[in-house]
Amino acid sequence: MKDFYLIYKNLTRKKMRLFLTTFAIFIAFLIFGAVMTLRSALNAGVEMSADNRLVVVHKTSFTNPLPYAYVNKVKTLDGVKDVTHANWFGGYYQEPRNQVVTLAVDPETYMTVYPELVVEPAQLATWFATQSGILVGERLAKANNWQVGDQIALSSNIFSRKTGGQTWDFTVSGIFKGNEAKVDTGYVLIHYKYFNETQSWGGDSVGWLILTTTDAALNEQVASQIDTNFANSNNETDTSTEQAFNKAFIEQIGNIGLIIFGVVFMAFFTILIVVGNTMVLAIRERTNEIAVLKTLGFESKRIFKMVLAESCLLAFLGGLLGLGAAYVIVTGAAEQMARFLPNLVLDENIVLQALGYMLLLGLVTGMAPAIAALRLNIVTAFSRG
Amino acid sequence: MSSENLFELNNVAKRFTKGKETISIFEGLNMHIKKGDFMAIMGPSGSGKTTLLNLLGGVDQPTSGEITFAGQRIDNLSESKLAKWRANNIGFIFQFYNLMPMLNAAKNVELPLLLTNLSSSERKKQVATALQLVGLSDRAKHMPSEMSGGQQQRVAIARAVVSDPTFLLCDEPTGDLDRQTADEILEMLQLLNRQFGKTIVMVTHDPSAAKFASHTVHLNKGKFVKAEELMA
Ligand SMILES: Nc1ncnc2c1ncn2[C@@H]1O[C@H](COP(=O)(O)OP(=O)(O)O)[C@@H](O)[C@H]1O
Ligand SMILES: [Mg+2]
């Protein structure tokens with residue numbers, strides 16, 4: 001690519017213009033990266049919810065705990081297949097900024113209710129039998145380089161130990177995978193019993209219940225049965241399908257999502273106009289130079305390619321910087337948001353999409369000036385100048 | 001056709017069409033340019049000097065008639081073939097230098113070599129030789145904006161000769177320069193003609209510039225005329 005130097009010099013000849021156009025594209029792809037990540041994180045929850053799984057939370061707020069006794073009560077109701085429960089541990093590893101999503105669960109029933117979690121039988125047996133054993137999701141294990149048998153101390157930013165301190169020592173009993181790539185494996189499961197007996201708050205309470213129905217058709221019926229059952233008690237419940245639960249949560253953010261999506265669209269559209277216009281002007285300014293290149297023997301199609309290469313270079317320069325910034329922001333936010341949005345990852349899919357849009361942006365903004373350069377007639381260009 | 005003739009124009013017509021109007025610049029023009037010639041073309045503005053250079057340089061094509069270069073017709077070549085032909089055979093020198101403002105002297109001179117298969121190091125070597133020829137070895141890294149008009153024109157000459165074309169076309173190469181600088185440029189062209197055997201056609205307004213050429217032709221309203229006729 002002998003012409004690269006020429007393309008590069010053309011791109012960088014006006015520093016201020018380069019800065020402004022790069023910045024505009026940077027912003028567009030920053031927004032794109034962040035919003036697409038958010039969107040896919042929101043969607044992952046809905047897509048992965050099983051259709052016969054119900055979630056029971058406290059009616060007042062899903063952050064309020066429920067009495068442990070509810071587990072057995074729900075079990076006896078008609079149409080209920082399996083029941084399990086979970087508590088939010090609020091974990092982090094070594095430093096509060098290293099959030100580790102940790103749930104205290106009843107191992108056997110939890111694995112029954114979540115059949116999409118796959119563990120080697122030997123590891124699973126070890127975990128069932130080890131009070132301080134934990135099951136670590138594959139994504140999390142990879143990120144922290146944790147292996148089976150490792151001793152890991154997890155701290156809670158909510159609970160304290162009866163013996164003092166907020167740090168629990170655990171042993172990695174096993175690693176769980178998803179039966180599909182979409183299954184989130186970015187969290188840790190610990191024994192509820194061990195947690196409940198060692199934490200200082202006391203009270204046998206669970207964060208929420210998860211149950212499966214014998215038939216998805218019974219979902220509504222079972223849900224209202226549960227809520228009726230606990231109506232007028234101290235702890236009223238709100239039962240919904242996992243799908244609805246996830247959707248309801250998402251819909252709160254969803255409207256914002258729509259607005260953000262509009263913003264992204266507008267940002268892209270504006271940038272398309274701004275960058276496209278800048279490219280047209282930039283090339284028009286060079287009418288004389290292009291005529292000179294053609295006179296020297298540069299073929300029109302070669303100049304056409306040079307102009308397109310320049311606009312693509314610009315798109316990728318701003319785009320990759322923006323995507324990089326989005327990655328940094330998303331990774332930072334993922335720690336904070338791990339509890340609500342476990343799948344907040346700027347993955348290859350989004351990167352590929354972004355790269356596609358960068359190419360598209362480069363081609364679209366460069367096309368008109370490239371065609372103008374292609375068609376430019378040497379004689380008229382010189383007589384005009 | 002004489003083998004000594006580098007260029008031959010036979011019965012060349014050139015007309016421009018603007019809307020419904022057709023302007024005729026040349027009708028039945030004949031001329032030949034000998035190898036090793038240094039020809040000056042003079043004439044009032046609008047007489048067709050630049051148009052003639054464009055035809056010779058393969059930048060424009062005649063409406064009718066034949067143009068041959070070294071025995072080969074160039075008037076009917078495709079745009080892309082003409083571009084290759086220009087790159088191989090013609091060096092261009094313009095009135096306003098037409099250097100790329102974002103490239104330094106060496107990179108400007110290198111431009112025509114990007115159209116060859118030469119390696120980067122071979123290109124550098126040829127650029128250095130060309131800059132040395134025009135006496136600007138010490139200015140290789142200078143930008144056009146950092147150079148005087150005369151220096152810029154010398155860079156342009158280096159660019160025109162770097163790929164060693166047989167034929168140089170100069171459109172008022174000294175039109176923008178003071179007398180002394182103009183004479184330096186003209187001496188350089190003379191050197192290229194005499195020492196390096198370049199065939200040169202130079203358009204000029206300036207009678208003292210034409211004196212550097214080996215002979216002068218006069219163009220008026222698209223026809224070659226005798227100098228006396230022009231004066232009259
Ligand atoms: N691309 C063009 N379209 C229409 N008319 C042109 C064009 N180029 C030159 N002309 C006309 O042709 C005539 C000769 O122009 P030119 O060759 O530039 O003259 P000179 O260089 O001798 O001043 C002028 O009348 C000019 O207006
Ligand atoms: Mg002219």
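# Notebook: salt bridges, a ligand site and a surface patch

**Entry 1. Arg15(B) and its partner**

I began with Arg15(B), which is partly exposed, with a relative accessible area of 33%. I note here that the model is predicted. A residue counts as buried under 20% relative accessible area and as exposed over 50%, so Arg15(B), at 33%, falls in between. I then asked which side chain Arg15(B) meets in a salt bridge. The partner is Glu27(B), and the N to O distance is 2.8 Å. Arg15(B) belongs to strand S1 of chain B and Glu27(B) to strand S2 of chain B, so this pair ties together parts that are twelve residues apart in sequence. I also looked up the accessibility of Glu27(B): the residue is partly exposed, at 38%.

**Entry 2. Salt bridges in chain A**

I recorded the total next: there are 22 salt bridges over all chains. One of them joins the side chains of Glu285(A) and Lys14(A), with 3.1 Å from N to O. Glu285(A) lies in helix H9 of chain A, while Lys14(A) sits in the loop between helix H1 (4-11) and helix H2 (15-48) of chain A; the pair therefore ties together parts that are 271 residues apart in sequence. Glu285(A) counts as partly exposed at 46% relative accessibility. Lys14(A) counts as partly exposed as well, at 40%. I then asked which residues are linked with Glu285(A) in a network of salt bridges. The network is made of Lys14(A), Arg17(A) and Glu285(A).

I turned next to Glu310(A), which forms a salt bridge with Arg286(A); their closest N and O atoms are 2.9 Å apart. Glu310(A) is in helix H11 (residues 300-337) of chain A, and Arg286(A) is in the loop between H9 and helix H10 (287-296) of chain A, so the pair ties together parts 24 residues apart in sequence. Is Glu310(A) buried or exposed? Glu310(A) counts as buried, at 4% relative accessibility. Arg286(A) is buried too, with a relative accessible area of 5%. Both values lie under the 20% cut-off, so both ends of this salt bridge count as buried.

**Entry 3. The surroundings of ligand 1**

I asked between which chains ligand 1 lies. Ligand 1 is placed between chains A and B. I found 13 residues around ligand 1, and the closest are Ile25(B), Gly46(B), Lys49(B), Thr50(B) and Thr51(B). Helix H13 (378-384) of chain A, strand S1 (5-18) of chain B and helix H1 (49-56) of chain B each supply at least two residues of this shell. The largest share, three residues, comes from H1(B). By kind, the shell divides into four nonpolar, seven polar and two charged residues.

I then listed distances from oxygen atoms of ligand 1 to the backbone. A polar backbone atom of Ser47(B) is 3.3 Å from an oxygen atom of ligand 1. For Gly48(B), the distance from a polar backbone atom to a ligand oxygen is 3.1 Å. For Lys49(B), the corresponding value is 2.9 Å. The accessible area of ligand 1 on its own is 570 Å², and the protein covers 72% of this area.

**Entry 4. Two buried residues**

I looked up Thr365(A), which is found in helix H12 (residues 348-375) of chain A. Thr365(A) is buried, with a relative accessible area of 3%. Which backbone oxygens lie by the polar side-chain atom of Thr365(A)? That of Leu361(A) lies 2.7 Å from a polar atom of the Thr365(A) side chain, and that of Gly362(A) lies 3.3 Å from one.

I then moved to Asp37(B), in the loop between strand S2 (21-34) and strand S3 (38-42) of chain B. Asp37(B) is buried, at 11% relative accessible area. Asp37(B) and Ile200(B) are 163 residues apart in sequence, yet their C-alpha atoms are 6.1 Å apart in space.

**Entry 5. A nonpolar patch**

My last question was which residues make the nonpolar surface patch of about 520 Å². They are Phe265(A), Met266(A), Phe269(A), Ile273(A) and Val274(A). I placed one of them, Ile273(A), in helix H9 (residues 242-285) of chain A. Ile273(A) is partly exposed, with a relative accessible area of 49%. A patch residue needs over 30% relative accessible area, so Ile273(A) meets that cut-off.

Methods. Residues are numbered from 1 along each chain as its sequence is written. Chains are lettered from A and ligands numbered from 1 in the order in which they are written. This is a predicted model: local features need pLDDT of at least 70, side-chain atom pairs count only at pLDDT 80 or more; totals for chains, interfaces and linings use all residues. Side-chain values use heavy atoms; hydrogens and water are left out. Patches are made of residues with over 30% relative accessible area and no salt bridge: like charges are joined within 9 Å, nonpolar side chains (Val, Leu, Ile, Met, Phe, Trp, Tyr) within 5 Å. Accessible areas come from the Shrake-Rupley method with a 1.4 Å probe; for residues, only the protein chains shown count as cover. A salt bridge is a side-chain nitrogen of Lys or Arg within 4 Å of a carboxyl oxygen of Asp or Glu. Helices (H or I, at least four residues) and strands (E, at least two) are DSSP runs, numbered from the N terminus. Buried means under 20% relative accessible area, exposed over 50%, partly exposed in between (1.4 Å probe, protein chains only). A residue is near a molecule or strand if one of its heavy atoms lies within 4 Å of it. A polar contact is a pair of N or O atoms within 3.5 Å; within protein, one must be able to donate a hydrogen and the other to accept it, and residues adjacent in sequence count only if both atoms are side-chain atoms. Ala, Val, Leu, Ile, Met, Phe, Trp, Tyr, Cys and Pro count as nonpolar, Asp, Glu, Lys and Arg as charged, and the others, Gly among them, as polar.
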